[in-house]
Amino acid sequence: MPEFRQDWATKEWVIIATERAKRPEDFTKGRETKKTLPEKADKCPFCPGNEDKTPPSFYTIQNNGAWKLRVVQNKFAALQPNLTTQRKKVGKFLKVDGFGVAEVVIETPKHNETIANMPDEDVKNIIVAYRDRYHEIARGQHICLINIFRNHGQKAGTSLEHPHSQIIAIPIVPPHIRDQITQTILSSDTYGTCIYCDIIKEELNQKERVILETEHFASIAPFASRYPFELRIYPKKHSCNFGDISDAGIIDMAYILKATLRKLYIALADPDYNYIIRSGPTDYANVRHYHWYLEILPKLTTTAGFELGTGIFINVTLPEQCAKVLREVKE
Ligand SMILES: [Zn+2]
Ligand SMILES: [Zn+2]
């Protein structure tokens with residue numbers, strides 16, 4: 001029987017269509033196998049030796065004189081930092097210059113790595129870089145929202161194979177994020193708690209959608225998942241802002257992020273995915289109602305007219321089943 005499920009925080013609905021239930025092998029069937037990549041690619045702008053093909057690094061993590069990670073401006077940035085945020089009018093319509101920050105985190109010198117297979121130390125470096133850049137960018141007077149994300153594979157929208165993440169910071173908070181935040185404020189006003197803290201508690205209590213739990217984090221297939229194998233990594237302790245992650249939290253997050261992505265890599269044969277760190281707006285310090293998390297969205301299905309028309313996603317796989325499959329992944 002199909003059912004509607006509601007996201008407890010946003011109040012958005014999804015449809016879980018159990019009649020069309022798919023197993024992990026259904027998602028890998030007929031898919032082209034990813035080609036094996038070389039450790040170094042001559043024409044890749046992110047490979048060592050080709051540093052002159054990118055803007056200069058302004059943040060580097062080094063080991064024995066060689067870079068392990070570097071951050072550069074996005075050469076093809078959609079936004080630029082040297083513009084204003086002054087609102088302008090075109091007749092009655094509103095516009096603003098394309099002000100913002102767009103950076104690329106080149107995660108490793110190795111062309112053929114991916115987080116699922118990286119040494120833990122390298123994954124830790126990525127999260128350290130995210131936090132350091134977050135702090136630096138948040139100091140910018142006009143930045144409202146810092147979006148840290150990773151596009152893995154062509155279906156997830158990446159054009160470069162070399163492992164990298166992106167940071168794009170913008171001078172506006174979009175309405176759908178405001179709506180999500182408003183719902184968390186209403187919850188907090190009514191119940192006096194953070195709705196995400198309540199969700200984490202409930203998920204850890206029910207257990208069936210939990211994939212991994214560590215000291216600081218839990219990875220979960222959300223009750224109202226929009227996509228098959230949609231996952232979230234929640235910090236267990238309340239925190240509204242990713243920038244507030246502690247050193248111990250970084251080590252733990254590196255572990256759970258890699259372990260969770262590795263389970264996906266094995267269960268679904270290296271699927272394309274996006275992950276996004278959903279941090280509160282930069283002017284939020286210690287608010288009680290919002291809670292940051294990392295969202296993993298595998299690209300296994302396509303969204304169509306119904307989703308676009310209603311904003312209600314039809315998910316063909318039970319989140320409970322996804323969590324079970326991932327929990328049981330063997331190395
Ligand atoms: Zn490369
Ligand atoms: Zn919370």
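## The site of zinc ion 2

In this predicted model, the donors of the zinc ion (ligand 2) follow the spacing C-x2-C-x40-H-x52-H along the chain. C197 of this site lies in helix α4 (residues 195-206), whereas H291 lies in the loop between β13 (273-278) and β14 (293-298), so the pair ties together parts that are 94 residues apart in sequence. The atoms that coordinate the ion are SG of C194, SG of C197, ND1 of H238 and ND1 of H291, at 2.1 to 2.3 Å.

The angles among the four donor atoms of the zinc ion (ligand 2) run from 105 to 113°, and the site is tetrahedral. For comparison, the ideal angle for four tetrahedral donors is 109.5 degrees. The two residues of the pair can also be described by their accessibility: C197, with a relative accessibility of 23%, counts as partly exposed, while H291, with 0%, counts as buried.

## The site of zinc ion 1

The zinc ion (ligand 1) has as its protein donors C44 (SG), C47 (SG), H111 (ND1) and H162 (ND1), which lie 2.0 to 2.3 Å from it. Along the chain, these donors follow the spacing C-x2-C-x63-H-x50-H. C47 belongs to the loop between α1 (24-28) and β3 (59-63), and H162 to the loop between β8 (145-152) and β9 (164-170), so this pair ties together parts that are 115 residues apart in sequence.

The site of the zinc ion (ligand 1) is likewise tetrahedral, with angles of 104 to 117° among its four donor atoms. Both C47 and H162 are buried.

## Helix α5

Helix α5 covers residues 247-267, and at 1.5 Å a residue its 21 residues should span 30 Å, which agrees with the distance of 30 Å between its end C-alpha atoms. After α5 comes A269, a residue whose phi is positive, near 55°.

## The cavity and its lining

How many cavities of 30 Å³ or more does the structure hold? There is one cavity that reaches this volume, and the volume of the largest cavity is about 60 Å³. Its lining is made up of T114, A116, H152, L261, L264, Y265, D270, P271 and Y273.

Which element gives the largest share of the lining of the largest cavity? That share, three residues, comes from α5, the helix formed by residues 247-267. By residue character, the lining of the largest cavity divides into six nonpolar residues, two polar residues and one charged residue.

Conventions: Residues numbered from 1 in each chain as written. Chains lettered and ligands numbered in written order. Predicted model: local features only at pLDDT ≥ 70, side-chain atom pairs only at ≥ 80, totals over all residues. Heavy atoms only, no water. Helix = DSSP H or I, 4+ residues; strand = E, 2+ residues; numbered from the N terminus. Expected span 1.5 Å × (residues − 1). Donors = N, O, S within 2.8 Å, 3.2 Å for Na, K, Ca; no water. Tetrahedral: all angles 85-135°; square planar, octahedral: opposite > 155°, others 65-115°. Buried < 20%, exposed > 50% of the residue type's maximum accessible area, 1.4 Å probe, protein only. 1 Å grid on protein atoms, 1.4 Å probe; cavity = no way out; pocket = protein on both sides within 12 Å on 5 of 7 lines; lining within 4 Å. Points joined across faces, edges and corners; volume = space filled by probe spheres on them. Nonpolar A, V, L, I, M, F, W, Y, C, P; charged D, E, K, R; others polar.
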